[in-house]
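This report introduces a single structure to a reader who has not met it before. Please view the sequence and the structure together before reading on.

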Amino acid sequence: MTVFRIGEAAELLGVSADTVRRWIDAGRLPATRDEHGHRTIEGAELAAFVRDQGNDPDGRTELSSARNRLRGIVTAVVKDTVMAQVDIQAGPFRLVSLMSREAVDELDLQVGSVAVAVIKSTNVVVERATLPRGSTP
C-alpha cells in the first residue's frame with residue numbers, strides 16, 4: 001500500500017501543504033498518524049479524493065462524454081490567418097491546444113482568461129513514476 005506524507009500529497013495535487021492540512025482537519029481527506037506522529041494519507045484515499053474533486057472543476061460542466069477536464073489560465077495565444085495555438089497552465093500542467101483562429105476569436109481567448117481544457121483521447125501514454133521519498137509501495 002502506498003502512503004503519502006502531507007507534503008508529498010500537496011506536491012502531487014499542486015496545492016500547498018497547508019491546504020492539504022485544512023482538508024484533513026475539515027474531514028474531507030482521511031489521514032492517519034504514523035509511528036512518529038506525522039499525518040499520512042493512504043494512496044487509495046488520496047486517489048478517491050482526487051476523483052471526487054475532478055468531476056466538475058468549474059461547476060458549470062455541460063453534458064459531455066469527455067471526462068478529463070483541466071481548469072487553468074491562458075498563458076499564450078498565437079494566431080495566424082487560419083490556425084491558433086493556445087497555451088493553458090492548469091496547476092503544474094502546461095497544455096497546448098491547436099485550433100482554428102475562428103474558435104479562439106469566438107471564445108474570446110486572451111492571455112489571462114480562465115479556460116477549461118477538455119481532453120478526449122483514444123491514445124494516452126501512461127508512465128509509472130518513481131515513488132516519492134518516504135513512500136512505501
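The pLDDT is the predictor's confidence in each residue, on a scale from 0 to 100. The model shown here is predicted. Its protein chain averages a pLDDT of 83, and 84% of the residues score at least 70. Confidence is lowest in α3, with a mean of 81, and highest in helix α4 (residues 101-107), with 95. Where pLDDT is low, the predicted coordinates should not be read in detail.

Three strands form an open sheet in the order β1-β3-β2, and their pairing is antiparallel. At the edges lie β1 (3-5) and β2 (32-33), each of which pairs on one side only. Two bridges join β2 and strand β3 (residues 39-42) in the antiparallel sense. Arginine 33 has arginine 39, in β3, as its bridge partner. Helix α1 (residues 6-13) packs on the sheet and touches β1 and β3; the direction of helix α1 makes about 95° with that of β1.

The structure also holds one aromatic pair. The ring centres of tryptophan 23 and phenylalanine 49 are 4.8 Å apart and the ring planes stand at 50°, so the pair is tilted; planes count as tilted when they are neither under 30 degrees apart nor over 60. The pair links distant parts of the chain, its two residues being 26 residues apart. Both tryptophan 23 and phenylalanine 49 are buried. The table places each partner in its helix.

| Residue | Helix | Helix range |
|---|---|---|
| Tryptophan 23 | α2 | residues 17-25 |
| Phenylalanine 49 | α3 | residues 43-54 |

How values were computed: Residues are numbered from 1 along each chain as its sequence is written. This is a predicted model: local features need pLDDT of at least 70, side-chain atom pairs count only at pLDDT 80 or more; totals for chains, interfaces and linings use all residues. Side-chain values use heavy atoms; hydrogens and water are left out. Rings of Phe, Tyr and Trp (its six-membered ring) pair if their centres lie within 6.5 Å; planes under 30 degrees apart count as stacked, over 60 as edge-to-face and the rest as tilted. Helices (H or I, at least four residues) and strands (E, at least two) are DSSP runs, numbered from the N terminus. Buried means under 20% relative accessible area, exposed over 50%, partly exposed in between (1.4 Å probe, protein chains only). Two strands pair if DSSP finds at least two bridges between them. Contact means heavy atoms within 4.5 Å. Axes are lines fitted to C-alpha atoms, for helices over the stretch in contact, and angles run from 0 to 180 degrees between N-to-C directions.
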